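Work through the following exercises with the sequence and the 3D model at hand. Each task is followed by a solution that goes step by step.

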Amino acid sequence: MSDNYTWLLYKGSNKYVDQFSTTDNYTTFTFDTPEVYRLYYNATNYTYVPCVNSKYVVINALFPINGSINQTGPTVNWQAAFKYNLSDNSSLPNTLDWNFGDGNVTNGVGYPVTIPHRFPYSSPTTTKTYPVSVTAKNSTPSIFSDNYTTLAVTVYPPPVSNFTITDNFTGNVITQGPAPVKANLNFGSWTFDTYSGSGLISRWNISNSSGFELNSSDNFTHIFNNPGIYTIEQNTSTEYGSNLSSKVLLVYDNITSNFTPVQYRCAAFPANVTFRDNSTGSNRDKFTWTYDDGTQDVNLTTNWTNHTYYQPGRYNLTMWAWNNTFGIWNQSSQFVNITGLYANFTADPWTRTINRGDAAVFNFSDNSTGTDLDTIYTWELEPGIKEHKTGVSYQYFRNGTYNVSLTVSNPVCGVSNTSVKQVTVYEHLNANMTYSPKCGTFPLNVTFSDNSTDTPFVWLWKFYDLNGNRVAPDGEGRTVTHQYASEGTYLVQMTAMNAQHENVNDKEFYITLDYCLQANFTANQTRGYYPFTVNFTDTSTPQSSVNTRTWNFADQTSGSGASEIHTFNQKGTYNVSLTVTNTSSGMTRVANKTIEVGSPVFANFTPNGTSVVPVNASMVVKFSDLSAPQSDITNWDWNFDDSLPNDTNKSPYHQFTSEGWHNVTLNVSNPYYGAWNVSRARINVSVQKAPEASFTVTPEVANRFERVTFVDTSKGESINGWYWQFGDGNTSTGTPVVNYYQNAGTYVVNLTVTNPYGNGTASNTVRIKGPVYADFVTDPSGEWGVINQPITFIDTSKGQPIHWIWNFGDGNSTTTDTSSITHTYTSTGSYTVNMTGTNWDGQSGSAVKTLQIENKSKPKDVNFGAAGKRYSGTHPFTVQFEDYTPNQSNVTEWYWDFGDRSNSFNTTPVAPSHTYVNPGEYTVILSVKNDMGVNEKTRVAYVVVV
């Protein structure tokens, strides 16, 4: 064991610091400065055997951690930043644990780090102090103790921004008003510091869709001249932060309600009338209409409405126009005269009472409205009985209620209106009856039927024999049957009574019964053309009962024989009657037959005679029927004296196979009446030829704007037309003609000459010397493209180049003799394309354009229109749309929005057509989509339908 220790201390590797001895095996030493020290010690034992044992240790002496918290800036809007600062002779900490005194901690922060912190919101009227602390730690806590330090942080609240908007005239607080609005913007912000206005800085921002306006005054007056939605912001700041408040002021134009009625000139009731809003002021988004006929439309969103009126008149219409955004409205009313074709009439009288057999006369007078000189009046007084006058009189012969209608129509406009009313005919009670049969084989059952007026309800019948004695049974009812034993004249008594027994009428009838006489006759023919002779023969039965005959031939002639031969000498339909009479019984019977008589026909046609018939090389001749009377001819049969079948057309075309004389025969007929006639003629067919066209050109090679003369040298008869096409878009007629060519090139000139027999054409070439004015376009258009997608370059130069050199700006160039070429770019970028074109005269011109190549892009240059610019018309109106979007790759969808809540979706570029049913202004949108997105074209109020 050692009993003596010697200690040697060196700073660094060899700088001596101190030396001392101890008898203990340990020692205490205080290091004044941080450094790496070497401590040597020798352990010696003198008691037993003197020996020495030497060793050393390395000591790294460090200062303890010591530091303080520093706030790096003021607290603004409850937010501050803090940093831990080390004191002199302090060791470095490894981590910092922060506690902000508000329940929030952040541990493990490295050194040196500035750490921000936002303190919780507190009352804007008071300050609040938080104990912020940090614990600095070293990774060797057994050597170094943690350093804990605190800082009291007072948080000052930012100001509270506030303001009011008042009317400059009334001083009242406002949120909206009609333009112009003169408003006071009143500063009302405050802060926890009650010292009036201490440190408060004001900044105003007034903005709407048209821009913004700044102002730094506390209070100021602003005039809002234009309608709009204004956002007013007031930003108040102090050294402790800022606060923003905003309000919205709605400035609008007052609505002045007004509307216009649109009535169609050709209108008939029910009449459709369009009312269109033409109010002024703010936009209107809701409308309510009352039509003064007991109906209304509420909360419409369109600025027009259609309404149907059923009667003409003067109506007081009212429209309310609303703007929901501003909550404003205005009302206007006006009287509108609704006119149109409206049928109406009066009857004089409406009811009439007559005796059976008398006529009930009614006078009907028109008092329709909306009529003019074109109006047609159609009265239907009974089914199938019509009159076409403004006023009519009509007789009804039986009791009943009759529907009478008046239709007024305008054939020019194709509209009409009908009014139906009723008139009633009453009859005095008058007993009457009919019976059947009146002849036959006895005993004979005879049926008696009531034919009284005023519709009786009770009937009583009494029957008598030939001697006047009453026989049983009596009869009751509307219809009864009684049997008679022999022919003769009999008495029948009839009593008729109405339902209320208020009117009774008794009447006696004498009836005559005998064996029947039947009238009949024959005609040997019933149809033909005049003069038409017919044999008529009486075949009535029984012949022994016929005492007299009367023939009526319906042509103001008559006869009385058992047979008659009669000739009809005019066209017509004749109702021939035979009346036979038995003088003993007084019985008369009539038989009728219809005789139809037509006109004879006479054939005639053209061409005929000896004159030459000129034809072209096809040798086709047109024949025209001149037969008479045209209205009676139904069949035509043409024979042209050749192998072709006969032609049955009225005026045919016929192709002859040779020139010269030909026999032509026309047979016209009317088989219904058996009429026919034949006409024959010889015609001389001669072929005429079209001209042979030719012309000269002087000079054949010319300069630009030099006079070039064209002279016709065609051959042929009766040339009467010249049509020149100079190949540059210019045309002319007549001969000789001149043309001045504006651009170099080779032009093909065409001449068409005409005579009565056809056309002839000829062509020549003109060569024009001059420069090339180079130009070209690309497809897709717009001087852009997509990599790895072909682009077509198309020459549009003037001066007709025939040889082209293309330099595409990417190191590639091509020489070609065609006017278009395709090239594909493999990289994005901007490329300068140079095209040089050379014409036949050896003159050249160049054009340079820059082409932008992109990797991919949304569809470009989306555009559309209406075919023929037909984008307005009268409803219903159909628009054929056209897609003007250039061709480009990767397009997958085309979506059309027609503006009337209907649309069309396509996966191919097919432009649709769309029918607009109702009047209005319609905004149309075309959206085109590819895999990079959507681009669209909007045309506002593009389609207008009235």
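**Exercise 1.** Determine how many disulfides there are, and describe the geometry and placement of the bond.

*Solution.* With a disulfide taken as a pair of cysteine sulfur atoms within 2.5 Å, the count comes to 1. The bond joins Cys266 and Cys413, whose sulfur atoms are 1.6 Å apart. The torsion about this S-S bond is about -40°, so the disulfide of Cys266 and Cys413 is left-handed. Cys266 sits in the loop between β20 (259–262) and β21 (271–277), and Cys413 in the loop between β33 (400–410) and β34 (415–427), so the pair ties together parts that are 147 residues apart in sequence; strands here are DSSP runs (E, at least two residues), numbered from the N terminus. For accessibility, buried means under 20% relative accessible area, exposed over 50%, and partly exposed in between (1.4 Å probe, protein chains only). On that scale Cys266 is partly exposed at 26%, and Cys413 is partly exposed at 21%.

The model is a predicted one, in which local features need pLDDT of at least 70 and side-chain atom pairs count only at pLDDT 80 or more, whereas totals for chains, interfaces and linings use all residues. Residues are numbered from 1 along each chain as its sequence is written, and side-chain values use heavy atoms, with hydrogens and water left out.

**Exercise 2.** Are Arg478 and Asp450 buried or partly exposed, and which parts of the chain does their salt bridge link?

*Solution.* A salt bridge requires a side-chain nitrogen of Lys or Arg within 4 Å of a carboxyl oxygen of Asp or Glu, and by this rule there are 9. Arg478 and Asp450 form one of them, at 3.6 Å from N to O. The pair links distant parts of the chain, since Arg478 lies in the loop between β38 (470–476) and β39 (479–484) and Asp450 in strand β36 (residues 444–450), 28 residues apart. Arg478 is partly exposed at 44% relative accessibility, whereas Asp450 is buried at 12%.

**Exercise 3.** Give the closest N and O separation for the salt bridge of Arg284 with Asp277, and for that of Glu854 with Lys860.

*Solution.* For Arg284 and Asp277 the closest N and O atoms are 3.0 Å apart; Arg284 is partly exposed at 22%, while Asp277 is buried at 7%. For Glu854 and Lys860 the corresponding separation is 2.8 Å, with Glu854 partly exposed at 22% and Lys860 partly exposed at 23%.

Terms used: Helices (H or I, at least four residues) and strands (E, at least two) are DSSP runs, numbered from the N terminus.
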